[in-house]
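The following questions and answers ask how the descriptive terms applied to a model are justified.

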Amino acid sequence: GGGGRRAMVLLHVLFEHAAGYALLAVKEVEEIGLLMPQVEESVLTIGKFNNIVKLVAFYPFKSAQGALENINAVSEGILHEDLRLLLETNMPPAGKKRKVVLGVADQKLAAAIHEELGILCQAGGVVAEILRGERVIGRQHHSCRPESSVSRHWAYTHWSLVERGGTSLKLTE
């Protein structure tokens, strides 16, 4: 039969937002390297970016205190319980025909997630490009989703935190 077909890679990307964690799914490809040119090109066009990158789950922080704890945990490369819950609930299982990879911004956090949950992680490269795209156009494309109450809350929390001068460390490059 057609046994020559390689397993597909299903890349998810963790986007850390001031208001919560967003889990993004990137369309399946044969290898992650193939995504780079597509992502780079799509970042310029919201419609194209949305065809490649979909929002799978959003975990809003329960309070300003919760947000602070999570942001501190992320910056120290520690897997917070909230993030563990999001990943355990929403990451698909890997199979023979597909490899599941989680893209994260930080190498230390990638190591912690891999160690505690056994999920293959990747930082940098195309992951950084997807995160950049999400930052550039994310505010626009989440507002047109059915979960707009979430995105309203998200945008509001994001801006109120930024205005108070809090947690902008994760929002800049």
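**Strands, a helix and two cores**

Q: How do you know that S1 and S2 pair, and in which sense?
A: Six bridges join strand S1 to strand S2 (residues 20-26), and the two run antiparallel. Two strands pair if DSSP finds at least two bridges between them, and six bridges are found here. Leu 14, for instance, has Leu 23 of S2 as its bridge partner. Strands are DSSP runs of E with at least two residues, helices are runs of H or I with at least four, and both are numbered from the N terminus.

Q: On what basis do these statements rest?
A: The model is predicted, so local features need pLDDT of at least 70 and side-chain atom pairs count only at pLDDT 80 or more, while totals for chains, interfaces and linings use all residues. Residues are numbered from 1 along each chain as its sequence is written, and side-chain values use heavy atoms, with hydrogens and water left out.

Q: What makes S1 largely enclosed by the rest of the structure?
A: Buried means under 20% relative accessible area, exposed over 50%, and partly exposed in between (1.4 Å probe, protein chains only). In S1, 10 of the 10 residues are buried, so the strand is largely enclosed. One side carries Met 8, Leu 10, His 12, Leu 14 and Glu 16, and the other Val 9, Leu 11, Val 13, Phe 15 and His 17. S1 also pairs with S4 in the parallel sense over six bridges, with Leu 10 opposite Val 100.

Q: How do you know that the buried residues of H5 line one face of the helix?
A: In H5 (residues 107-117), Leu 109, Ala 110, Ala 112 and Ile 113 are buried. Seen down the helix axis, the buried residues fall within an arc of 165°, so they line one face; the arc is that of the directions from the helix axis to the C-beta atoms. The face turned away carries the exposed residues Gln 107, Lys 108 and Glu 115.

Q: Why is a set of 24 residues called a nonpolar core?
A: A nonpolar core is a set of buried Ala, Val, Leu, Ile, Met, Phe, Trp, Tyr and Cys residues joined through side-chain atoms within 4.5 Å. The largest such core has 24 residues, and Leu 11, Val 13 and Ile 130 are among those with the most contacts inside it. H6 gives the most to this core, with five residues. Apart from it lies another core of 20 residues, including Phe 61 and Leu 102.
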